[in-house]
Amino acid sequence: MAKTPPTEKIILGIDPGTSVMGYGVILIKGKQIQLLQFGVIHLKKYVGHELKLKKIFERVTSILEEFNPDEVALEAPFFGKNVQSMLKLGRAQGVAMSAALARDIPITEYAPKKVKQSVTGNGNASKEQVAAMLQTLLKIKELPKMLDATDALAVALCHHFQNGQTQSKSASWKNFISENPGRVK
């Protein structure tokens with residue numbers, strides 16, 4: 001017998017960061033999307049990477065306890081030139097993931113381009129364009145100063161739009177070139 005999908009689902013979206021980490025929580029009821037909460041976790045004030053990681057774990061844990069999400073979606077780190085920054089960002093993402101995994105909450109990662117494409121229709125949209133689209137879609141009265149919060153909401157919304165499935169395109173040179181124009185010489 002086929003399992004019927006739940007009529008209600010709570011999704012926590014996370015935009016990992018080591019200075020500021022964004023989070024957004026949405027409730028899906030049938031075809032309706034309701035904003036529950038979004039904000040940022042300020043980490044600059046903590047000295048030492050280990051203390052920042054501890055604060056990320058504690059804050060993500062408290063969000064998980066408060067909203068009891070069914071699924072967690074994270075933005076995957078993009079590949080930058082600074083290896084140390086990538087390492088720190090990966091650790092921050094890993095700590096957020098382990099908070100969810102400790103509660104057996106399924107996790108899905110999305111590339112930044114995939115999130116922007118899913119929400120705005122443009123994989124190269126700016127943070128401001130993503131925020132403006134979310135303001136319309138979720139009826140947000142006032143946008144926050146730090147767009148890490150709306151980025152996290154975008155990840156949650158992307159997850160909903162993708163139905164929790166990462167859809168891989170066929171592995172071809174044509175797709176690689178169209179997705180990575182700056183890497184082709």
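Q: Which residues of helix α2 are called buried in this predicted model, and what makes them so?
A: Buried means under 20% relative accessible area. In α2, Leu 89, Ala 92, Gln 93, Val 95, Ala 96, Ala 99 and Ala 100 are buried, so each of them falls under that cut-off.

Q: How do you know where these buried residues sit around α2?
A: Look at the arc they cover around the axis: it is only 150°, which puts them on the same side of α2.

Q: What about the other side of α2: which residues are exposed there?
A: That's where you find Val 83 and Leu 101. Exposed means over 50% relative accessible area, so both of these pass that mark.

Q: What do the buried residues of α2 pack against?
A: Quite a list: β1 (8-15), β2, α1 (49-67), β4 (71-75) and β5 (107-110).

Q: How do you know that the length of α2 agrees with what a helix of 19 residues should span?
A: Compare two values. At 1.5 Å a residue, the 19 residues of α2 (residues 83-101) should span 27 Å, and the end C-alpha atoms are 26 Å apart, which agrees.

Q: What makes β4 a mostly covered strand?
A: Just check its residues: five of its five are buried. Glu 71, Ala 73 and Glu 75 point one way, Val 72 and Leu 74 point the other way, and all are buried.

Q: Why do we say that β4 pairs with β1 and with β5?
A: Two strands pair if there are at least two bridges between them. Four bridges join β1 to β4, and four join β4 to β5, so both cases meet the rule. β1 and β4 run parallel, and β4 and β5 run parallel too.

Q: Which residues stand opposite each other in these pairs?
A: The bridge partner of Ile 14 is Leu 74 in β4. Towards β5, Ala 73 stands opposite Thr 108, and Val 72 stands opposite Ile 107.

Q: How do you know that β2 and β3 pair, and in which sense?
A: At least two bridges are needed, and strand β2 (residues 20-29) and strand β3 (residues 32-42) have 10, so they pair; the sense is antiparallel. As an example, Val 25 stands opposite Gln 37 in β3.

Q: What lies between β2 and β3 in their hairpin?
A: Two residues. Gly 30 in the turn has a positive phi of about 60°.

Q: In what order do the strands of the open sheet lie?
A: The five strands have the order β3-β2-β1-β4-β5, with mixed pairing.

Q: Why do β3 and β5 count as edges?
A: Each has a single partner strand, so one side of each is left without a neighbour in the sheet. Neighbouring strands here are turned by 20° against each other on average, direction ignored.

Q: Which strands does helix α5 touch when it packs on the sheet?
A: α5 (residues 148-161) touches β1, β2, β3, β4 and β5, and its direction makes about 40° with that of β2.

Q: How many helices and strands does the whole chain have, and in what order do they come?
A: There are six helices and five strands. From the N terminus on, they run β-β-β-α-β-α-β-α-α-α-α.

Q: How much of the chain is buried, and what area does the chain expose?
A: Buried residues make up 40% of the 185 residues. The chain exposes about 11200 Å², with carbon and sulfur atoms supplying 54% of it.

Technical notes
Residues are numbered from 1 along each chain as its sequence is written. This is a predicted model: local features need pLDDT of at least 70, side-chain atom pairs count only at pLDDT 80 or more; totals for chains, interfaces and linings use all residues. Side-chain values use heavy atoms; hydrogens and water are left out. Buried means under 20% relative accessible area, exposed over 50%, partly exposed in between (1.4 Å probe, protein chains only). Accessible areas come from the Shrake-Rupley method with a 1.4 Å probe; for residues, only the protein chains shown count as cover. The expected span of a helix is 1.5 Å times one less than its number of residues. The arc is that of the directions from the helix axis to the C-beta atoms. Contact means heavy atoms within 4.5 Å. Axes are lines fitted to C-alpha atoms, for helices over the stretch in contact, and angles run from 0 to 180 degrees between N-to-C directions.
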